[in-house]
Amino acid sequence: QAQLVESGGGSVQPGGSLRLSCVASGYNYRCLGWFRQAPEKEREAVATIGREGTTDVADSVKGRFTIFKDNAKNTLHLEMISLKPEDTGIYYCAARVSYPCARIYPYTYWGQGTQVTVSS
């Protein structure tokens, strides 16, 4: 049974930093990713990473967000710096069992989400 459990969300001021984590279990996932949804907006694919380490990062966060994983702990991370109010939203961890891993492809398994709020 697929299980993705996020942690690390919170409230920060603009310019602040947060690290999100996601423990993934249940299947042999080839792709993991972070998605977000702001109030009254469509869900956005933030960043994805394949088992071999290839990443796909949205232009809106490139240079500020870094996706990486700890294979030994089956944990996915999203390091976020220079946060902006427009980064506010619920951040979801998601997974696919097959390639390709790029953001344009649908992800099958989802966590419950963790709230990130950037506000002064």
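**Notebook: pocket, salt bridges and backbone geometry**

I began with the largest pocket, which holds about 210 Å³ of space. The model is a predicted one, and I kept that in mind for every entry below.

*Entry on the pocket.* I looked up the lining and found 16 residues, those closest to the centre of the pocket being Tyr29, Leu32, Lys69, Asn71 and Asn74. I then asked which elements give two or more residues to this lining. They are strand 3, strand 4, strand 5 (44-50) and strand 7 (65-70). By residue class, I recorded six nonpolar, six polar and four charged residues in the lining.

*Entry on the salt bridges.* I listed six salt bridges in the structure. I took the pair Arg19 and Glu79 to begin with; their side chains form a salt bridge with an N to O distance of 2.4 Å. This pair connects distant parts of the chain, with Arg19 in strand 3 (residues 18-25) and Glu79 in strand 8 (residues 75-80), 60 residues apart. I noted Arg19 as partly exposed, at 44% relative accessibility. Glu79 is also partly exposed, at 22%; the cut-off for buried is under 20%, so Glu79 does not count as buried.

*Entry on Arg36.* I next examined Arg36, which has a salt bridge to Glu44 with the closest N and O atoms 2.8 Å apart. Is Arg36 buried or exposed? I found Arg36 buried, its relative accessible area being 7%. Glu44, by contrast, is partly exposed at 27%. I also found a salt bridge between the side chains of Arg36 and Asp87, at 2.9 Å from N to O. Here too the pair links distant parts of the chain: Asp87 belongs to the loop between strand 8 and strand 9 (89-96), Arg36 to strand 4 (residues 31-37), and 51 residues separate them. Asp87 is buried, with 0% relative accessibility. I recorded a network of salt bridges that links Arg36, Glu44, Arg64 and Asp87.

*Entry on Thr75.* I located Thr75 in strand 8. Thr75 is buried, with a relative accessible area of 10%. I asked what backbone atom the side chain of Thr75 reaches. The partner is the backbone oxygen of Lys73, at 2.9 Å. Leaving aside residues up to four places away in sequence, I listed the residues that Thr75 touches as Ser21, Cys22, Val23, Phe68, Lys69 and Asp70. Of these, I had already met Lys69 among the residues closest to the centre of the largest pocket.

*Entry on the backbone.* I checked the peptide bonds and noted that a cis bond joins Tyr99 and Pro100, with omega about 0°. Pro100 sits in the loop between strand 9 and strand 10 (109-110). I then looked up positive phi values in residues other than glycine. Glu40 has a phi near 60°. Where does Glu40 lie? I placed Glu40 in the loop between strand 4 and strand 5, and its relative accessible area of 88% makes it exposed. Ser82, which is not a glycine, has a positive phi of about 50°. I found Ser82 in the loop between strand 8 and strand 9, the loop in which Asp87 also lies. Ser82 is partly exposed, at 36% relative accessibility.

Definitions and conventions: Residues numbered from 1 in each chain as written. Predicted model: local features only at pLDDT ≥ 70, side-chain atom pairs only at ≥ 80, totals over all residues. Heavy atoms only, no water. Salt bridge = Lys/Arg side-chain N within 4 Å of Asp/Glu carboxyl O. Helix = DSSP H or I, 4+ residues; strand = E, 2+ residues; numbered from the N terminus. Buried < 20%, exposed > 50% of the residue type's maximum accessible area, 1.4 Å probe, protein only. 1 Å grid on protein atoms, 1.4 Å probe; cavity = no way out; pocket = protein on both sides within 12 Å on 5 of 7 lines; lining within 4 Å. Points joined across faces, edges and corners; volume = space filled by probe spheres on them. Nonpolar A, V, L, I, M, F, W, Y, C, P; charged D, E, K, R; others polar. Polar contact = N/O pair within 3.5 Å; in protein donor to acceptor, adjacent residues only side chain to side chain. Contact = heavy atoms within 4.5 Å.
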